[in-house]
Amino acid sequence: MGAQWKAKGKDLAANAKGRVFGKLSKDIMIAARSGADPASNARLRLLVEQARKVSMPKDTLDRAIKKGAGLTGEAVSFEHVIYEGFAPHRVAVMVECLTDNVNRTAPEMRVLFRKGQLGTSGSVAWDFDHVGMIEAEPTAAGADAEVAAIEAGAQDLEPGEEDDTTLFLTDPADLDLVSRALPAHGFNVLSAKLGYKAKNPIDPASLSAEHLEEVEAFLAAIDANDDVQNVFVGLAG
């Protein structure tokens, strides 16, 4: 959770899938501003691969690309905003939003943070590292993630969200460079983005089951907001 929090539970699958499509569409629209052709737009190419992995309908994918590239005549304007604060029991949280109306998003965040504490800019950012996050899977049995990290220029690595995947951590400026280098060292890149990793994450075992449940409920409510793209949390594991 120290890298990025994800909702858990198959019972959430239907609603979660709709949110995944919505958030991915925003990322695709922003990437497509640099060109609608995935062959010449590395960021867009990775997002298209992610979209196919989660079975995003082709019409939805094509519409997002065309809209972002300005091919539909519709103006696309999203503002990137970070909200910082604490979940219940002083668990640090950074919430990354993409919104077309900050005047709507800001009060919604204030309401959602009532069960925690909304901070000012910088109030918890000091306890997070801004890093590149690359999730990748081995292309062949025996691929060595540690060797790949060293050869490709990653700073660190840890187990990924899915079985048999690895999360490679990079300097923000090296995200694209490492993403392009990993395939030559036996790893297929599934996603690549900038994010925040807690420097001093709290061990979930230090929280009671009741307190951990309250933290999870808070994070789930934050993640369900349509303007929220990513939730980065100061919990280990």
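Let me start with one pair of strands: β2, which covers residues 91-99, pairs with β8 in the antiparallel sense, and the pairing runs over five bridges. Within that pair, if you look for Val93, you will find it standing opposite Val233 in β8. Please keep in mind throughout that what we have on the screen is a predicted model.

Stepping back from that pair, β2 and β8 belong to an open sheet of four strands, whose order is β3-β1-β2-β8 and whose pairing is antiparallel. The edges are taken by β3, residues 117-118, and by β8, residues 228-233, and because each of these has a single partner strand, one side of each is left without a neighbour in the sheet. As a general reminder, strands of a sheet pair through backbone hydrogen bonds, in either a parallel or an antiparallel arrangement.

Now to the helices around this sheet. Helix α7, residues 209-223, lies across β1 (79-87), β2 and β8, and its direction makes an angle of about 155 degrees with β8. Then there is helix α4, residues 102-112, in which Thr105, Ala106 and Met109 are buried. These three residues cover an arc of only 100 degrees around the axis, which means that they sit on the same side of α4. And what covers them? The cover over the buried residues of α4 includes β1, β2 and β8, and those strands are also the ones that α7 lies across.

Let me turn to a single residue elsewhere in the chain, Ser191, which lies in strand β7, residues 187-198. Is Ser191 buried or exposed? Its relative accessibility is 15%, and because the cut-off for a buried residue is under 20%, Ser191 counts as buried. Leaving aside residues up to four places away in sequence, Ser191 touches Gln50, Met133, Ile134 and Glu135.

Finally, the chain as a whole, which contains seven helices and eight strands. Its radius of gyration is 18 Å, close to the 18 Å that the globule rule gives for 237 residues, so the chain is as compact as a globular protein of that length. Taken along the principal axes, the C-alpha atoms fill a box of roughly 50 × 45 × 35 Å. Buried residues make up 41% of the 237 residues, while the chain exposes about 12400 Å², of which carbon and sulfur atoms supply 51%. As for contacts with a separation of 6 or more, 72% of them are accounted for by residues 24 or more positions apart.

Methods
Residues numbered from 1 in each chain as written. Predicted model: local features only at pLDDT ≥ 70, side-chain atom pairs only at ≥ 80, totals over all residues. Heavy atoms only, no water. Helix = DSSP H or I, 4+ residues; strand = E, 2+ residues; numbered from the N terminus. Buried < 20%, exposed > 50% of the residue type's maximum accessible area, 1.4 Å probe, protein only. Contact = heavy atoms within 4.5 Å. Pairing = 2+ DSSP bridges. Axes fitted to C-alpha atoms, helices over the stretch in contact; angles between N-to-C directions. Rg over C-alpha atoms; globule rule 2.2 N^0.38 Å. Areas by Shrake-Rupley, 256 points an atom, 1.4 Å probe, with all protein chains shown as cover. Arc of directions from axis to C-beta.
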